[in-house]
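User: I'd like a close look at one part of this model, please, and then a little of its wider setting. Could you walk me through it in plain terms?

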Amino acid sequence: MSADANTETNHEPDYDVVVSGAGPVGLLLAAELTLGGARVLVVERLTDVDETIKAGGLNSTTTVALYRRGLLPALTELHEEAMSRFKEFKRAHGGDNNPVPPPKFAGHFSGIMLRADLLDESDPAFAGLGPVDRVGLVPQAPLERLLGRHAEGLGVEVRRQVELTGFDTDEEGVTVRLAPTDGSAPYAVRAGWLVGCDGGRSLVRKLTGIEFPGTAPEITGYQAIADMTGTEPLRGGWNTTDVGTYAFGPLPGRILTVEFDGPPADRQSPVTAEELQASVRRVTGVDVTVHKVHSSTRFTDNCRQADTYHAGRVLLAGDAAHVHSPFGGQGLNLGVGDAMNLGWKLALVVRGRAPVELLDSYTVERHPIGAWVLDWTRAQIAVMRPEPHSRALREVVTDLAGTVDGTTYLVKRISGVWQHYDLPGDHPLTGRSAPDLELADGTRLADHLHNGRALLLDLADDPKLRARADGYEGVVDVLTAACPGRPELGAVLVRPDGITAWAADTDGAEDDPSDALRLWFGAPLGA
């Protein structure tokens, strides 16, 4: 990353942060940075949102995060649109004529369908999520458009048809070299920080020299929306055959196949109808004819993770930091968690309200969750292989998934409700997503988190507690309220990402949030 001889590196930055990549993670990160007071530029080589079929569902942690930013009504609309298309698929395949509807779908593990009627919703892990259970099926392209509107509404500048070609770092910042894809003259911008949200083949990661260790792929997968005939024998949902695995639906024309014949020789060229048709026929054993491919992608189970998410003035988020197979729909949700965790921290550092060492906590908190996701997807490959040992294992897992305890365990993992960070403090809420408390005035906790600031919630009307937040104006909001449903809870300090940084009960234990305030938000002004 040596600087060009004529590159200026000592002038005032044009932006606080440049984000490379305007996918869902890059857009959400830019919005979070802007809420935190940073000046952000997002650059993206594509002209518009990528309509290629990708992720199709949001887990609980993602839905709750976007709910906390006031996006739940819009998410609900997207979910309802997707459900309408699902019902269209059911009608086209006789689903509405079945007098006994199938059990409600609760996700899958390695293509093993999980039934919602076996889910123990009274498990404490599902408590306090708020009104997010009506949202789940949200395709990635509509979500990306929603996040684009959200970012635009906050004033984020997004330059499309502009590609990052390189950058030079120094002690004061980053000079980012950009090239318009229309052939016009390349140029450079100066920023304090650069964040790579530029996907699994991240140029930012490669130029930074961050290692990307992992395990090699063994599958070729196809996912497509296509015009097909001869699909009547195909079973909806996930299915295992002697050759591999396929999924049909839930959206009209959607087909997915998995074959264990090694990675594809070519992942760049468009998937042809003939190529897709051949895979569908091999895996399903049905003579399906593919007439036209509307949207398609190849995928593998390549599993890799950056050994750090932060090197000097450069950070990584989303697929730039970790790649894995798409099974279980964890990728988008993992990236959203990265964006929520990093955005407020980097904004505080940019504003000088927190020391740069705060950014170390980004890798410390997010890397273990990324490593877990990689192992979770590797386990699904092990259960999916079309060979005797894996098929025997699959029978055992299928039996376990058919129990209340098994379904509840798997759904807790898929939904992300198990996730927490190892933070200082002994209160059971500390390090976990804050419960969506119902307050006496009719509002909920999430209603007070739309602005992206931290919140010190005083539930005991304690002026001494509120005084602890003096000097944190513009960073930590203070709210005094009552919570009849949790009378034992005296106070909660919620980070901008919704994680409980500190909590105290009314018995007076752990009644001073000063250490937590300093740890996460620096010293108070005037100290």
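Is leucine 58 buried or exposed, and what is its relative accessible area?

Analyst: Happy to. This is a predicted model, so local features need pLDDT of at least 70 and side-chain atom pairs count only at pLDDT 80 or more, while totals for chains, interfaces and linings use all residues. Residues are numbered from 1 along each chain as its sequence is written, and side-chain values use heavy atoms, with hydrogens and water left out.

Leucine 58 is buried, because its relative accessible area is 9% (buried is under 20%, exposed over 50%, partly exposed in between, with a 1.4 Å probe and protein chains only). You will find leucine 58 in the loop that joins β2 (40-44) to α2 (60-67); helices are DSSP runs of H or I with at least four residues, strands runs of E with at least two, numbered from the N terminus.

Leaving aside residues up to four places away in sequence, leucine 58 touches Thr63, Leu75, Gly136, Val138, Leu143, Leu332 and Asn333 (contact means heavy atoms within 4.5 Å). Alanine 82 is 24 residues from leucine 58 along the chain, and their C-alpha atoms are 12 Å apart.

For the wider setting, the largest nonpolar core has 110 residues, of which Val195 and Phe521 touch the most other members. Such a core is a set of buried Ala, Val, Leu, Ile, Met, Phe, Trp, Tyr and Cys residues joined through side-chain atoms within 4.5 Å. Helix α7 (residues 330-351) contributes the most to this core, with eleven residues. Beyond four places in sequence, the contacts of valine 195 include Val17, Leu29, Leu315 and Leu346. A second, separate core holds 17 residues, among them Tyr222 and Leu276.
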